Each structure stands twice: as C-alpha cells, then as structure tokens.
Amino acid sequence: MEKEETLKRIKKEALENKVPILQDASLDLILMILNIKNPKKILEIGTAVGYSAINFASIDSAPFVKTIEIKENMYNIAKENIKSMELQNQIEVVLADATEYLKNLDEENLYDVVFIDAAKGQYLVFLENAIRLVKDGGLIIADNVLFKGRVLSDYNEHKHRTAVNRLRTYLKLIEEDKRLKSTVVNIGDGVAISIVKK
Ligand SMILES: C[S@@+](CC[C@H](N)C(=O)[O-])C[C@H]1O[C@@H](n2cnc3c(N)ncnc32)[C@H](O)[C@@H]1O
C-alpha cells in the first residue's frame, strides 16, 4: 500500500513538472505484454524520472531493468524515486548518451525486451543496437512513433520534420526488416511492437 502511494506521488510530481512519462493507455498496453512475456531482463532507453522503469520492474517476473538517461537532473531524480520504491537492486540507471553508450554495450546475456523512449531523431541508432542486444524471440517496443499524429500528417512544421522523417524511416524499417515482425498500435503517442527472430 505504501509503495502504491509512493508510485502515485512519483507520477503526480512528474506530471506537475511536465516530464513526458508514458501515458496511461500505453503503459497499460506495455504492462500487459510484459506480463505475458515474463521478461527477466529489460533494457530501457530514456529513463526520465524512472516512472516506466519502476512499473516494469514491479511486474510478477521481477525483471532486472537497465535504463539509460542523458540528463543529470533526471538521472538524480530517477535514482531517488527508485530508492524510495526500494528497487535499487533491480534497476540500474546509467547516466549517458545512449547513442554512445549502446555502441560499447556488449552483453553476454541478451535482453528479453528493449524499450525505446528517448530522442525521436535517434530512433534509428537505437533500433540498430536494440536488434543486436535483444534475444532471439525477444521484443523491441518503441513509444512516440506517431509523434502526436505528425508522422501520418502531410504537412509538418519545419522544426519537427527531421524527427518525423526519422520516425517514418523507423516504421518502414521495422516493417521491411526480415528479422522483425512488427505492429503499430495507435494508442497514446503510438507504440510500435516488434518481435525479433534472428
Ligand atoms: C519520454 S522521456 C522518458 C520517459 C520514461 N520512459 C517514462 O515513461 O517514465 C525521454 C527521456 O529520454 C532522455 N534522452 C533523450 N535522448 C537521450 C539519449 N540520447 N540518451 C539517453 N537518454 C536520452 C531525455 O532526457 C528524457 O528524460
């Protein structure tokens, strides 16, 4: 009960501070998938305040979660939040630019699930590394792939065009890559789910 209240507080503070945490509908969908999958090891790209990592670590299979965050202030808040949920032994927060960090990440035990939720302009780099780091039969889940509808829209403001084009390429790649079986769910900001067959 106490932990439930703590998680509510973490969510409330994130929303008050306009931290872009997973929307409820997307989180529900992902938690449902994780509960079917029963992962033991999850890699998350984009920690923010640790809200999604905490939710993932709290499922029945009690997976280990490695999560990467580029901003030091977010990293510090995430560490505090994870500690207040007593999950510091289950969640490892890495302060790094994931585009650099992932290149050098060479794991003996691959991940059951990789969750991509960071800079939209970098999704292609994240995907390439996610395929390398996920197990055969594992999942790659990416949030924000429809970017508030912009990915499906004919006209976009100049400032959004690079991200929109990269997300379109991401969707094309997960559709065409023979190692992936993918679906895009129009929920929240758009969630792409890919099963990896190596
Ligand atoms: C949408 S938020 C993550 C929300 C979090 N997954 C949740 O639902 O609780 C995206 C986060 O990714 C971080 N980020 C952006 N680019 C990054 C990068 N290249 N490497 C690591 N983190 C990055 C941002 O600082 C931000 O905190």
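Colleague: How much space lies in the largest pocket?
Modeller: About 800 Å³. Keep in mind that this is a predicted model.

Colleague: Okay, which residues that line the largest pocket are closest to its centre?
Modeller: Pro20, Gly46, Asp117, Ala118 and Ala119, out of 31 lining residues.

Colleague: And which elements give two or more residues to that lining?
Modeller: Those are α3, β2 and α5, with α5 running over 98–103.

Colleague: How do the lining residues divide into nonpolar, polar and charged?
Modeller: You get 16 nonpolar, 7 polar and 8 charged.

Colleague: Switching to the ligand: which pocket does its space take up?
Modeller: The largest pocket, the one we've just been through.

Colleague: Which elements give two or more residues to the shell around the ligand?
Modeller: Here you have α3, residues 51–57, and β2, residues 64–69.

Colleague: How many residues surround the ligand, and which are the closest?
Modeller: There are 21 around the ligand, and the closest are Leu22, Ser52, Glu69, Ala98 and Asp117.

Colleague: How does that shell divide by residue type, nonpolar, polar and charged?
Modeller: The shell has 13 nonpolar residues, 3 polar ones and 5 charged ones.

Colleague: Glu69 was on your list. What is the distance from its side chain to an oxygen atom of the ligand?
Modeller: An N or O atom in the Glu69 side chain is 2.6 Å from that ligand oxygen.

Colleague: What about nitrogen: which polar side-chain atom lies 2.9 Å from a nitrogen atom of the ligand?
Modeller: One belonging to Asp97. Gly46 also has a polar atom 2.9 Å from a ligand nitrogen, but there the atom is in the backbone.

Colleague: Last one: how much of the ligand's accessible area does the protein cover?
Modeller: On its own the ligand has 610 Å² of accessible area, and the protein covers 90% of that.

Methods
Residues numbered from 1 in each chain as written. Predicted model: local features only at pLDDT ≥ 70, side-chain atom pairs only at ≥ 80, totals over all residues. Heavy atoms only, no water. Near = heavy atom within 4 Å. Polar contact = N/O pair within 3.5 Å; in protein donor to acceptor, adjacent residues only side chain to side chain. Areas by Shrake-Rupley, 256 points an atom, 1.4 Å probe, with all protein chains shown as cover. 1 Å grid on protein atoms, 1.4 Å probe; cavity = no way out; pocket = protein on both sides within 12 Å on 5 of 7 lines; lining within 4 Å. Sits in = over half its atoms within 2 Å of the grid points. Helix = DSSP H or I, 4+ residues; strand = E, 2+ residues; numbered from the N terminus. Nonpolar A, V, L, I, M, F, W, Y, C, P; charged D, E, K, R; others polar. Points joined across faces, edges and corners; volume = space filled by probe spheres on them.
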